[in-house]
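This briefing goes with the structure shown below. The points are grouped by topic.

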Amino acid sequence: MKERKIRVLIAKPGLDGHDRGAKVIAASLRDAGMEVIYAGLRQTPEMIVEASLQEDVDVIGLSILSGAHMTIFPRVLELMRENGMDDVLLTGGGIISEEDIQKLEKMGTGKLFGPGTNTNDIVAYIKEWCEKNRRAVEKEEVDS
Amino acid sequence: MTPNDLLKRFFGGDRRALARLISIVENEDPRADSFLNEIYDHLKGAYRIGITGPPGAGKSTIVDRLVQNCRQAGKTVGVIAVDPSSPFTGGALLGDRVRMTKTELDPDVFIRSMATRGSLGGLSKAAQDVADVMDAFGKHVIFLETVGVGQSELDIIRTADATVVVLVPESGDSVQAMKAGLMEIGDIFVLNKSDRQGADLAYLEIQSVLQLKPVRGEWRPPVLQTVADDGKGIDELFRKLQDFYHYQKERNILSQKFQERVENRVRRYLEEQILRKYWSPETEKQFQRSLKAILERKKSLRQVLKEFAP
Ligand SMILES: Nc1nc2c(ncn2[C@@H]2O[C@H](COP(=O)(O)OP(=O)(O)OP(=O)(O)O)[C@@H](O)[C@H]2O)c(=O)[nH]1
Ligand SMILES: [Mg+2]
């Protein structure tokens with residue numbers, strides 16, 4: 001069996017501005033050996049979850065600068081649950097206050113990253129999460 | 001998901017099961033063989049269309065438009081978009097989806113991005129296995145997008161039923177394409193970005209190059225001009241693809257293609273297996289030692305060759 005690659009979908013939902021930040025993250029994850037599906041700008045939660053489902057990703061990463069994080073993250077979470085994607089990590093970052101981060105993490109997102117985060121921290125977090133969680137899933141599949 | 005569950009859901013039309021099965025096949029997971037056996041009886045002969053051409057030529061934009069045409073004609077669609085893995089880190093940035101947004105939430109369109117993963121001829125195998133999975137799922141038409149450089153990318157395209165080569169007006173493009181072997185494999189040529197300067201000249205250039213190409217059968221590969229961004233020329237391209245399909249069907253060329261594909265896959269598989277078996281880490285070490293000996297002029301190349309294959 002070949003080495004199982006970590007697959008990540010990166011999107012920048014919302015109607016505002018540019019996707020420079022999302023692209024920088026995408027490139028860092030690629031440089032860390034991951035396969036990054038770049039979905040681009042203006043994605044709705046429905047599009048994000050559908051694309052993630054088709055690509056069978058381990059991780060969904062959203063970059064949100066528009067302030068719409070309190071609607072987008074919960075909606076993506078909801079759609080993930082509807083589609084049975086409980087083994088997929090939802091993470092992301094942008095201009096999000098510490099308070100909102102705590103609320104969203106409580107709702108079930110993974111770790112979220114505020115402004116000025118070092119991309120290395122995000123890479124490390126995703127790697128660690130996949131190592132821990134994927135092994136559990138694979139074990140379950142083999143056992144059943 | 002147990003293997004049986006997964007298959008049941010797959011045949012029930014569950015897109016998530018399709019996605020998972022593709023991963024299993026792509027990863028050469030130990031379960032892949034038995035799954036591929038199970039689905040083989042369900043292959044329905046989806047029409048496989050390869051789209052290739054230089055980086056940034058507009059391949060994804062064209063696929064996006066053609067998918068729309070297929071949907072209007074009532075066909076369900078699978079797309080396999082291949083991008084290169086970095087040989088240094090093994091990572092990949094798969095960006096084709098960005099241009100494939102016209103049918104984004106249509107449940108009968110399934111798009112999957114694949115990285116080349118730098119395997120020895122294994123890419124073509126993996127891509128064809130994934131195409132089989134989509135076929136068994138019930139997709140009528142499957143698009144395979146690859147950049148038209150590199151042997152393994154061209155290998156994938158060669159396995160398609162129809163091949164569309166996308167070129168752009170940039171100077172010397174057609175000459176480059178000829179060198180890369182693209183002129184040989186195209187059934188239909190598209191000059192995209194025809195809104196750009198030099199399009200007419202490039203069009204004539206491509207036509208004159210194609211005239212030099214020996215014709216096989218009665219099909220003369222046409223050249224079409226498109227502006228994929230705003231859809232100009234795409235209906236015409238779709239009609240040409242339909243013409244080509246009928247041309248092949250009437251002459252039994254599709255079953256011939258299928259036979260070629262099977263033959264090719266068996267050969268490639270064997271080659272890969274033999275290589276894998278032969279080229280063990282031990283052999284690699286020995287090879288490195290011999291290489292050094294050659295460079296130090298302690299042995300001749302011929303001697304070393306004989307050592308490896310007496
Ligand atoms: N001017 C012009 N631009 C176009 C046309 N078609 C596509 N583009 C633009 O060309 C760029 C590349 O298009 P893609 O469809 O991503 O090209 P591609 O061949 O799939 O690219 P890779 O997969 O990266 O090799 C995009 O910015 C498109 O908007 C066209 O007909 N005219
Ligand atoms: Mg593309």
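The model is predicted. The briefing treats the surroundings of ligand 1, where 18 residues form the shell, then an open sheet of six strands, the domains of chain B and the setting of A:Ser28 in helix 1 of chain A.

**Ligand 1: shell**

- Among the 18 residues around ligand 1, those that come nearest are B:Gly58, B:Lys59, B:Ser60, B:Thr61 and B:Asp96.
- Sorted by class, the shell holds eight charged, five polar and five nonpolar residues.
- Two elements of chain B, helix 4 (59-72) and strand 5 (141-147), each contribute at least two residues to the shell.
- Helix 4 of chain B gives the most, with three residues.

**Ligand 1: polar contacts and burial**

- On the backbone side, an N or O atom of B:Gly56 is 3.0 Å from an oxygen atom of ligand 1.
- The side chain of B:Glu145 places an N or O atom 3.1 Å from an oxygen atom of ligand 1.
- For B:Arg99, a polar side-chain atom lies 3.5 Å from an oxygen atom of the ligand.
- Ligand 1 taken alone exposes 650 Å², and the protein buries 78% of that area.

**Open sheet across chains A and B**

- The six strands run in the order 5(A)-4(A)-3(A)-1(A)-2(A)-3(B), with parallel pairing.
- At the edges are strand 5 (112-113) of chain A and strand 3 (92-94) of chain B, each of which pairs on one side only.
- Strands in a sheet pair through backbone hydrogen bonds, in either a parallel or an antiparallel way.
- Within this sheet, six bridges join strand 3 (residues 59-64) of chain A to strand 4 (residues 89-94) of chain A in the parallel sense.
- A:Leu62 has A:Gly92, in strand 4 of chain A, as its bridge partner.

**Domains of chain B**

- Chain B is assigned domain 1 (1-41), domain 2 (43-253) and domain 3 (267-308).
- The centres of domain 1 and domain 2 of chain B, taken over C-alpha atoms, are 26 Å apart.
- Between these two domains, 18 residues of domain 1 are in contact with 15 residues of domain 2.

**A:Ser28**

- A:Ser28 sits in helix 1 (residues 20-31) of chain A.
- Its side chain reaches the backbone oxygen of A:Val24 at 2.8 Å.
- Leaving aside neighbours within four places in sequence, A:Ser28 is in contact with A:Thr119 and A:Val123.

Technical notes:
Residues are numbered from 1 along each chain as its sequence is written. Chains are lettered from A and ligands numbered from 1 in the order in which they are written. This is a predicted model: local features need pLDDT of at least 70, side-chain atom pairs count only at pLDDT 80 or more; totals for chains, interfaces and linings use all residues. Side-chain values use heavy atoms; hydrogens and water are left out. A residue is near a molecule or strand if one of its heavy atoms lies within 4 Å of it. A polar contact is a pair of N or O atoms within 3.5 Å; within protein, one must be able to donate a hydrogen and the other to accept it, and residues adjacent in sequence count only if both atoms are side-chain atoms. Accessible areas come from the Shrake-Rupley method with a 1.4 Å probe; for residues, only the protein chains shown count as cover. Helices (H or I, at least four residues) and strands (E, at least two) are DSSP runs, numbered from the N terminus. Ala, Val, Leu, Ile, Met, Phe, Trp, Tyr, Cys and Pro count as nonpolar, Asp, Glu, Lys and Arg as charged, and the others, Gly among them, as polar. Two strands pair if DSSP finds at least two bridges between them. Domain bounds come from an automatic or database domain assignment. Contact means heavy atoms within 4.5 Å.
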